[in-house]
Amino acid sequence: MSESLPEVSPHRMAELVTELGRVGEQPGGGLIRFVYDDAWRTAGGLLAHWMAEAGLEVRTDAVGNVFGRLAGTESEATVLTGSHFDTVPMGGRYDGALGVLSGLAALEALSKTFGRPKKSLEVVALCEEESSRFPANFFGSRAMLGTIADDEPETLHDADGMTLADAMTRIGLDPRAIGSARRNDVEAFVELHIEQGRVLQDEGTRIGIVTAITGLRWLDVTVSGRADHAGATPMDLRRDAMQGAAEMTQAVTALVEAEGRPAVATCGAWQVLPGGVNIVPEQVTFSIDLRHPDEATLDRLAGRIRQECARIATRRQLAVALNDTKLVPPAPMDESVRALIEKAAAEQGASARPIPSGAGHDSQMWAPHVPTAMIFVPSVDGRSHCPEEYTAPEDCAVGASVLAGTLRELAY
Ligand SMILES: [Zn+2]
């Protein structure tokens, strides 16, 4: 192997990000690229065009994942990199897209510097991750892993009532062929992504090596009291569900703040019944979104939250019921691939640190199946899922070069 390093230039990254960022851009900024819509199709076509220009073998699978392949000389195994190219409503130019573009630029640089790899290298633009149109989270990755349920295409529908199957059919994809998207040759998956937080920026660190993707628990908390007259019922005689619920969210916040980073909790969805200005609230339901990358910590926090809610309910003569509505276990990243990222960062002279991911990513789908790791690059002011999302071209280039170095270790 030659001693030279694969290098991606800031200019190349800026050019790719700017051009792809125009696809689906709304007047005044913000991107809308939902799976199978017109902008999504244009973006997929542009990515395929760039992959072909880079000398990669281009292919689209049954669900619309786009692949660029640099065939290996010795082995059937494939080392895969990439991310998603759909967006959230009014999203930015970097979420997902940067992982695809970095993969493309990395393969371009590797093939130019070192020629063909031993193992095949592939960059994938995954069709869907965000659930922006259909509640189909990670549809592209799940198709490749063979974990899409048979009834999903017919039962999932968008806001206009169109089924996922119809949306596929309309653009010439056959929902009955989804099974053919399954891959058994992938030996490792490496995903570059923006941090979507501000740890790297605040520390001046160039590269985050993800330790684990956070685990998540969603709970619905229903607090029941008694409806009474807002004027005639003294405070000391009330069984006010809202007062109890408010105290419970304060307790949740205090617990998680005391735990410290990276633990987070959010009480975002509220329903108050009967919901009258002059009625003491009888029933309040609120959501808790609790996240931590360590499963034992997540369990411990959830247990404490249950205890605190029960204690507050008893003191206020209220009833409380907590229901788990979603459980996503943490996804630890592969230690050997993490070590390769660390080595590649050192070779590029880029500062790096371990970091947990508080957001979900395609990598969490892959991690239980193949060695998987993630590279984070800094997000300016931690902004993401908004038009202000930004990562400087220099940081994009360092990230893509570290990705290239990692892929070189895995495939050459
Ligand atoms: Zn993303």
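**A tour from the domain interface to the zinc ion**

Begin where the two parts of the chain meet: in this predicted model, seven residues of domain 1 are in contact with six residues of domain 2. To see which parts these are, colour residues 10–213 together with 331–411 as domain 1, and residues 215–328 as domain 2, following the domain assignment. With both coloured, note that their C-alpha centres lie 37 Å apart.

Stay at the boundary for a moment and consider how much surface is hidden there. The area buried between domain 1 and domain 2 is about 390 Å², and carbon and sulfur atoms give 52% of that area. Next select Ile 213, Pro 356 and Gly 358, the residues of domain 1 that lose the most area to domain 2, together accounting for 53% of what that side buries. If you look for charged pairs across the boundary, the count of salt bridges between domain 1 and domain 2 is zero, while one residue pair is in polar contact between them, with both residues at pLDDT 80 or more.

Now move to the zinc ion and select His 84, Asp 95 and His 193, which are its protein donors, through NE2, OD and NE2 respectively, at 2.0 to 2.2 Å from the ion. Along the sequence these donor residues follow the spacing H-x10-D-x97-H. Asp 95 and His 193 link distant parts of the chain, being 98 residues apart, with Asp 95 in the loop between β3 (78–84) and α3 (97–114) and His 193 in strand β5 (residues 186–194).

Finally, show the surface around these two donors: are they buried or exposed? Asp 95 is buried, with a relative accessible area of 6%, and His 193 is buried too, at 1%.

Definitions and conventions. Residues numbered from 1 in each chain as written. Predicted model: local features only at pLDDT ≥ 70, side-chain atom pairs only at ≥ 80, totals over all residues. Heavy atoms only, no water. Donors = N, O, S within 2.8 Å, 3.2 Å for Na, K, Ca; no water. Helix = DSSP H or I, 4+ residues; strand = E, 2+ residues; numbered from the N terminus. Buried < 20%, exposed > 50% of the residue type's maximum accessible area, 1.4 Å probe, protein only. Domains from an automatic or database assignment. Contact = heavy atoms within 4.5 Å. Buried area = accessible area lost by both parts, 1.4 Å probe. Salt bridge = Lys/Arg side-chain N within 4 Å of Asp/Glu carboxyl O. Polar contact = N/O pair within 3.5 Å; in protein donor to acceptor, adjacent residues only side chain to side chain.
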